[in-house]
Structures are given as structure tokens and as C-alpha cells.
Amino acid sequence: MVNILVVDDEPMICKGVATILKQSKLDIGEVFIAYNGFEALDFIHLEKIDLVFTDIQMEKMNGIELIENIFMEDPSIPIVILSAHGEFEYAQKAIRFGAKEYLVKPITPPHLIAVTAKLLKEKEERQQHFSNWEGNRTLADITTLEMNYYLSEIVTGTVHESEVPDIREKLGSRASGTHYSMLVIKLFLNRGGIRDEEIATLKDRSLLKYAALNIIEETASQWSHLVFNTHYSTFSLLMQIPEEEKQGTLSINQMLMVAQMIHANLQKYVNVKCQIGISRIQEGIIKWPVIYKEAMESLTWGETQKDHYMFYIEDIGKTTNEQNLTNTQVDEANNRIVFETKTYIEHHFCDKGLKLQDIADSVHLSPNYLSYLFKRVMGQGIWDYVTQLRMEKGKQLILTTDKRRYEISEEIGYESPEHFSKIFKKHFGVNISEIKMAGP
């Protein structure tokens, strides 16, 4: 049975969608309702969610921001936009950020059920599609031997401005933009496949490599990109950043999101582990060698942190500003970052609308890398720690004050008392009324 999350700031919309889904013949376990993006993220953190329906225009956190945050948590969750806006720009942006469907309100019950059934079926079939890697040696058109050699020569050397027009002509629309980022993906091909076996022969290793390439290509298919092989077990993914998205954390998080999706899909569908190095966003084709070097430099960071899979160039200098540190010194630097993170959380956990991005910005790291460091040092996730502090504070207020439920929920950062009650029951295993009756 599957769990579905419906997110909309209009209660009637939420309840209507939930009722239609519950009354359908689909194999649905629970339909959770959230009235804003922050409540939705709590459900993502606490429940197993298989499909999300969300409005795109909500106060405090819009649908695009919610999609971005969900994909940072679990890129495998299909997301459907429910919106009153049918404009192409809304749909285009939603699809680029990972939404599977864009439905314009009002939507009829049969259409809603049909879309739900289709996406749940696609999720199941995707597993079967990628699991048929044995004997599948389909290469993307762009990765012919000639083109692969051409791209490898460009990024491992230098590019003169006079060469740019020829490069654009040869590569077409995939090199027509102004800003680019590079992801270098190192595959570990010693084992994998549908049975997660040791890969001992050249033939099986080669087939597994091409299966991985197909997954990388398909994962990146929503963006203008180029994939090519730079080493035996390393692929480079050159991403073209849309002009309107090149500024701020939005575009950087998009690169991190793509990397996380690639890692998750390789692991899920062909049992291949990987590490990914990510460059900054730079302007112009002449910077391709620069971003390739940055991505490779990021990737080398994985040699000292083998239990993580994704490394962004700007995270490296901020965690350790010195070269050639010992493992002990690196651990000390990481502990300092986690201590600073804890301090920030302890001062802000009651803030309404606190986001992982806010916490990461406080220590100048990407959300993914900070989440990794925090869990490594603390043994629990960042959001688990935020929820723990909120629940402990809420319980204290219940037992030591006469404040009403809505006043307590407001004080510890929740939008609604109903949502606070749900999280409280999930965390402590008892209702608020039972805690009151039991006393201190």
C-alpha cells in the first residue's frame, strides 16, 4: 500500500483530493494533509511518502521551493503540481524542478485518479526498466567515440575564445547557453547489477557501465546537458544553466539535486555506488576546463570521506581552510561546524518556517554536505534534532504552564495546533491529553 501527501493552503482542496483518492480502488494506505510547505516537510521527514500533490502558490513556501526541498530529502518521490495557473512558465519551471505532472484546477475525480494510477505504475515500471541492464548497451547519440574524444579534449585542456563558435556549431543546442556547471561521477564497478553481485568479467563490467550511463542520461534528461566518459569508470555531466536561474542558491541546489538523483537512481536500479564532484557555476564555454578541474578537485575530497557520495567545491574550502590536514584535524574541523550548527538550531528551532537551507546558510555549507556531517557527528539527522527540541519544549510547556494548545504550537514554530498534535503523537507515542493527565 502507498502513502500520499496532499499540500494546499485551501483546506477544502486538500480534503476533496484526499476523499477522492481514499474512495478510489487504488491500493492507498494513508492520505496525509498539509496546509503549507513546512507541514509537508514534517510529513516527508516522519512518514514514508510515495507521491505528493502540491499547490504551487502558497504563503511562506511556494510549490517550487517545496519540490526543491523534497528532492533534497528523497529524489525518488513523484510530485504533481495542482495549480490555478495554466501559464507555460509555471509548468516549465515545475517540470524542470522535478514535477511529474502539472494539473490545472479544477480537476475532475476520474482525471485525478488516472494521474495517480499512472505515476504509481511508472514508479514500479522504472525499477523493472533499469533492472534489465544485462545485454543493454545502448549509448546516447552524443557519446560517440569521436564526440567523446572531442569533449574530453576540450575540458582537459584550454579553450580559446576564437574556438567558441566552432564548439557551439558542433554541439548545437546543448552548448547554446551562457552558464554551465560540471558534475564528475566516479562509478565503483566492482559489484552491482540486479542481484548486487561481484562483477568479475570485462563483459559484465562493460555492460554495467553502459547501464549506468543510460541512468545518468535519463536522470539528466530534463535539462540541457552533455555526458561523456573522461576516464575508465568516470563520466562527466556538463549542465547548461537557464539564464533566469543562474543566480543564488536556487541554481546550486539544482545541481545538488541532480547529483542526488543520479546517486539514488544508480544505487536503486543497478546497485552501483558512486561519488560525485560538483563545480561552481561559471560563465562561458571557455570556462569548461575550469569547472571540470573544480569538479575533479571536489571528487578527490571523497578519498578522505569514503562514507559520503557528493562533494561541492565550495564546501571543501569552508570545512578546512588548510591543505594536508591529518584525519584528526579534519574531524576537529567537522566537529566545530556541527557545534556551530547545533548552536544556531538551539537559538532558532522555534522559528516558524525554519528550513534546512537557513541552517546550512548559517555555517556557509550546502544542505547535503551539512546533513552528512551532522549525522556523522551527532548520530541523528538535522531535522530529527529540530523536531526533538520542539517536542521537548512543547512537552515542558504542557506540563508547567496553563497555555492552550494553539499557544504552545505557535511558540515552538508550528502553524497549526492540529499539526503540532500529530507530530507530538508521532514523537512520544501518546496524545497531548494523555501527557497532561499523567502529569510531570
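Here is a chat between a student and a tutor about a predicted model.

Student: Let's start with the overall picture. How many helices and strands does the protein have?
Tutor: The protein has 18 helices and 13 strands. Buried residues make up 52% of its 440 residues.

Student: What makes a residue count as buried, say Tyr180?
Tutor: Buried means under 20% relative accessible area. Tyr180 comes in at 0%, so it counts as buried. Trp288 is at 0% too, and is therefore buried as well.

Student: Why are the rings of Tyr180 and Trp288 called a pair, and of which kind?
Tutor: Ring centres have to lie within 6.5 Å, and planes over 60 degrees apart count as edge-to-face. Here the centres are 5.3 Å apart and the planes stand at 80°, so the pair is edge-to-face. It links distant parts of the chain: Tyr180 belongs to strand β6 (residues 179-188) and Trp288 to helix α10 (residues 288-300), with their positions 108 residues apart.

Student: And what makes Phe374 and Tyr385 a tilted pair?
Tutor: Stacked needs planes under 30 degrees apart, edge-to-face needs over 60, and the rest are tilted. The planes of Phe374 and Tyr385 are at 50° and their centres 5.8 Å apart, so tilted is the word. Phe374 is in helix α14 (residues 367-378) and Tyr385 in helix α15 (residues 382-400), so the pair ties together parts 11 residues apart in sequence. Both Phe374 and Tyr385 are buried.

Student: How many aromatic pairs are there by this rule?
Tutor: The count comes to 8 aromatic pairs. There is also one aromatic cluster formed by Tyr414, Phe420, Phe424 and Phe428.

Student: How do you know that the charged end of Arg390 sits over the ring of Tyr414?
Tutor: One part of the test is that CZ of Arg lies within 6 Å of the ring centre. For Arg390 and Tyr414 the distance is 5.0 Å. The test also asks for a position within 35 degrees of the ring normal, and the charged end of Arg390 is listed as sitting over the ring. Likewise, the charged end of Lys170 sits over the ring of Tyr150, 5.1 Å from its centre.

Student: On to helices. Why are α2 and α17 called roughly parallel?
Tutor: Angles under 35 degrees count as roughly parallel. The axes of α2 (residues 37-46) and α17 (residues 417-428) cross at roughly 15° and come within 11 Å. They are therefore roughly parallel, and their crossing is left-handed.

Student: Which residues meet there?
Tutor: Glu39, Asp42, Phe43 and Leu46 in α2 meet His419, Lys422, Ile423 and Lys426 in α17.

Student: What makes α15 roughly perpendicular to α17?
Tutor: The range for that is 65 to 115 degrees. The axes of α15 and α17 cross at roughly 100° and come within 10 Å. That puts α15 roughly perpendicular to α17. Among the residues meeting there are Met391 and Ile398 in α15, with Phe420 and Phe424 in α17.

Student: Why are α6 and α7 called roughly antiparallel?
Tutor: Over 145 degrees is the cut-off. The axes of α6 (residues 145-156) and α7 (residues 164-171) cross at roughly 150° and come within 12 Å. So roughly antiparallel is what α6 and α7 are to each other. The contact includes Tyr150 of α6 and Lys170 of α7.

Student: How do you know that helix α3 is mostly covered?
Tutor: In α3 (residues 63-73), 9 of the 11 residues are buried. Among them are Ile64, Leu66, Ile70 and Phe71.

Student: Is Pro106 buried or exposed?
Tutor: Exposed means over 50%. Pro106 has a relative accessible area of 79%, so it is exposed. Pro106 lies in the loop between β5 (101-104) and α5 (109-131), and a cis peptide bond with omega of about -5° joins Lys105 to it.

Student: What about His364, and why does it count as exposed?
Tutor: His364 is at 53% relative accessibility, and the mark to pass is 50%, so it counts as exposed. His364 is in the loop between α13 (356-362) and α14. Its phi is near 60°, a positive value in a residue other than glycine.

How values were computed. Residues are numbered from 1 along each chain as its sequence is written. This is a predicted model: local features need pLDDT of at least 70, side-chain atom pairs count only at pLDDT 80 or more; totals for chains, interfaces and linings use all residues. Side-chain values use heavy atoms; hydrogens and water are left out. Rings of Phe, Tyr and Trp (its six-membered ring) pair if their centres lie within 6.5 Å; planes under 30 degrees apart count as stacked, over 60 as edge-to-face and the rest as tilted. Helices (H or I, at least four residues) and strands (E, at least two) are DSSP runs, numbered from the N terminus. Buried means under 20% relative accessible area, exposed over 50%, partly exposed in between (1.4 Å probe, protein chains only). Axes are lines fitted to C-alpha atoms, for helices over the stretch in contact, and angles run from 0 to 180 degrees between N-to-C directions. A crossing is left-handed if the near helix is turned anticlockwise from the far one by less than a right angle, and right-handed if clockwise. Contact means heavy atoms within 4.5 Å.
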